[in-house]
Amino acid sequence: MYEYLALMPVILPLVGALLTYFLRRFSDKIQRVFLMGFAVVLFVLNVSYFMALQMNIIHPLSYGPVVLDAPGIFISCLVTFIGALVIFYSFVYKDKTHYDNTYFIMYFLLMGMMSGLACTYNVIVMLVFMEAATITSAVLILFGRTKQAIKATYIYLAISIVEVILVVTGAFILYNDTGTLDVSLSNISSMSQNTMFLLAMLFFFGFGTKAGLLPLSSIWLPSAHSEAPPPISATMSGILIKASIIAMVKSIYPFYLMSGVGTLILIVAAFGILSMLIGVIMALLSEDIKRLLAWHSISQMGYIILGFGLAAPTAIYGALFHITNHMLFKGCLFLITGALILRVNTRQIHKMGGLGKVMPLTAASFLIASLAMSGVPFLNGFVSKELIYEGSVQAGYPVIFSVFGMNFTIFAILGWITSALTFICLTHVFYVMFMGKQKEEFRNVRDPPVCMMLPILIMVSLCIIIGVYPDLISGALKYTADVLFQLRI
C-alpha cells in the first residue's frame, strides 16, 4: 500500500529544490532557515527508516526498480548528513553574487541523485542516476568560476562516456541472457562462467570509474575535486564516489558465485592496492592543497575497494566503516581548505606559514582529521583499516607475521605502508601551513566564521568519538554489511 514511499530519498530532495526555487522571492533569513531545516528533516527521516529496518519493524520497501534496503538507505543517511553540514557551511558564499539560488537548487538535486544511485539493483537505473549526479555536480564545479574549473568539468563529463559505454554494453549482455536488467543471484545463475566474468569486469570498471578506481580516476578526479568550490569538493569526495562504489558492489557481488571467483577477487583487490599506493605517492608530489587531498581520495578509496573486493564479512564491514570515516575526515579537510582559501586566498602549500598562531581551531582540526586519515590509534580511521586487514585474514590469505595480536597479510602490510606515507605527507603539510614561519601578510587573519567552523568541528569531533567508541555505529554497519554479504552467497 505504501510502496511508493521507497521513492522518498529521491523525491524529497527534489521537492526541496523546487521549494528553494519558489522561496527566492522571500528574505534571505527565511530561505536560510528553510534550507537548513529541510536538510535536517531529510536526515532524520532517513535515519528513522534505517532504524526501523534494523529493528525489523518494517521490511525494505520497493517501487519499480527502486529498492530501499539497508545499503541504499545507509548511503542516503550519509548523503543527508553531509548535505546538512555543507548547506550550512555554504551560507558564507551567499554574499558572492554567483552563489544564488541555483547553487542550493542544484545541491538538493545532487542529494536526490546520489541517494537514488545506491537504492537500486537495476544497472540502467543505476547508470541514469549516476549520470544525473555527474551532470548536476558538473554544474556545481562550474561555480568555481575559473578556466581550470571549466576544463575540469569538460574532462569530468568526457570520462563519463567511457563508463556509459561499459555499463550499457554489460546491460545488453545481461538482458540478452536473462531478460532482465536487475543483477541478482537468481537471474544470473544460468549464465556461463565466461559471461559472468565479462559482466563483472564491465560493471566493475564502469561504475568503478566514478568511484575513484584507477586508471581513469587519475584523469578526472584530481582536477574535478580540486577545482570545485570547497563544499562541493567535500561532497564529491565525501559521499558521491561512495554512492558509486555501492552501485559497483551491488552490480558485481552476484558474480562472486562463479567457479573462478578467486581470480575476480584478486583483480578487485589488486586495483584497490594500486589505488592506495599510486594515490598517496601522487599526493606526496602535490603542492596544491586541494589537489593533494583529491589524490588522497583515490588512495583512501583503495582501502574501500580492497575491503569490498575481499568480500569476507569483516572486510565488508570494514569497507562500510571506512566509507563513513572517510566522509568525516576527508569532508572535514576539504571544508578546512575552503576556510584557508577564504582567509589567505591561496591553495599553494608553501605560500602559507605560521597559520596555527592566528587560526588555532582550524589548525587543530586539520591535524586531527589528518591523523584520522593516517590511521593513528584512537581515531576513526584506525578502526576501519584494522577491520579491512582482519578481513583479509578471514578471506583466507596467509598471515605473514603477527604484532600485538594483529595478524598481517600482504594486503595489511601494503595498507600500513600506505598509512605511513599518508602520515608523512599530511604531517609535512600541517607543519608547513600551520607551524612554519609566519608570513607577514597573514598576521591579521582569523579562524573562519561560525557557519564554516561549526561543520568542521562536528566532523572532527566525530572522528574522535567514533575512534574511541566505535560501537556507537558498529550495529548499523554490521547490519548493512550482512545485507551486502548475502548478495554474493
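**Entry 1: burial**

I call a residue buried when its relative accessible area is under 20%, exposed when it is over 50%, and partly exposed in between. I'm working from a predicted model, so I keep that in mind throughout. With that cut-off I checked the whole chain, and buried residues make up 60% of the 489 residues.

**Entry 2: the overall build**

Next I looked up the secondary structure, and I found 18 helices and four strands. Then I asked myself what radius of gyration a compact globule with 489 residues would have. The answer is near 23 Å, and the protein has 21 Å, which agrees. I also boxed up the C-alpha atoms along the principal axes, and they fill roughly 70 × 60 × 45 Å.

I wanted to know how far along the chain the contacts reach. I took contacts between residues at least 6 apart in sequence, and 80% of them join residues at least 24 apart.

**Entry 3: surface and charge**

The protein exposes about 18,000 Å², I noted, and carbon and sulfur atoms supply 69% of that area. For charges I have 26 positive and 19 negative side chains. The centres of those two sets lie 11 Å apart.

**Entry 4: cysteines**

How many disulfides does the count come to? I got zero. For Cys 119, the nearest cysteine sulfur belongs to Cys 77 and is 9.7 Å away. A disulfide needs the two sulfur atoms within 2.5 Å, so Cys 119 is in no disulfide. Cys 332 is in none either; for this one the nearest cysteine sulfur is that of Cys 463, 6.2 Å away.

I looked up burial for both. Cys 119 has a relative accessible area of 1%, so I put it down as buried. Cys 332 is at 0%, which makes it buried too.

**Entry 5: helix α4**

I picked two residues from this helix, which covers residues 101–118. Leu 110 lies in α4, and Thr 102 is found there as well. Is Leu 110 buried or exposed? Its relative accessible area is 0%, so Leu 110 is buried. Thr 102 comes out at 36%, so I list Thr 102 as partly exposed.

Then I checked who sits around Leu 110. Skipping its neighbours within four places in sequence, I found Leu 110 in contact with Ala 133, Thr 136, Ser 137, Leu 140 and Thr 235. I also took two C-alpha distances from this helix. Leu 110 and Thr 134 are 24 residues apart in sequence, and 8.5 Å separates them in space. Thr 102 and Val 139 are 37 residues apart along the chain, with their C-alpha atoms separated by 9.6 Å.

**Entry 6: helix α9**

Ser 217 is found in helix α9, which runs over residues 217–227. Its relative accessible area is 0%, so Ser 217 is buried. Which residues does Ser 217 touch, not counting those up to four places away in sequence? I wrote down Thr 209, Gly 212, Pro 222 and Ile 298.

**Entry 7: helix α13**

My last stop was Thr 314 in helix α13, residues 313–344. Thr 314 has 18% relative accessibility, and the cut-off for buried is under 20%, so Thr 314 counts as buried. Leaving aside neighbours within four places in sequence, Thr 314 is in contact with Leu 387, Glu 390, Gly 391 and Gln 394.

Methods:
Residues numbered from 1 in each chain as written. Heavy atoms only, no water. Rg over C-alpha atoms; globule rule 2.2 N^0.38 Å. Buried < 20%, exposed > 50% of the residue type's maximum accessible area, 1.4 Å probe, protein only. Contact = heavy atoms within 4.5 Å. Areas by Shrake-Rupley, 256 points an atom, 1.4 Å probe, with all protein chains shown as cover. Lys, Arg positive; Asp, Glu negative; His and termini not counted. Charge placed at Lys NZ, Arg CZ, Asp CG, Glu CD.
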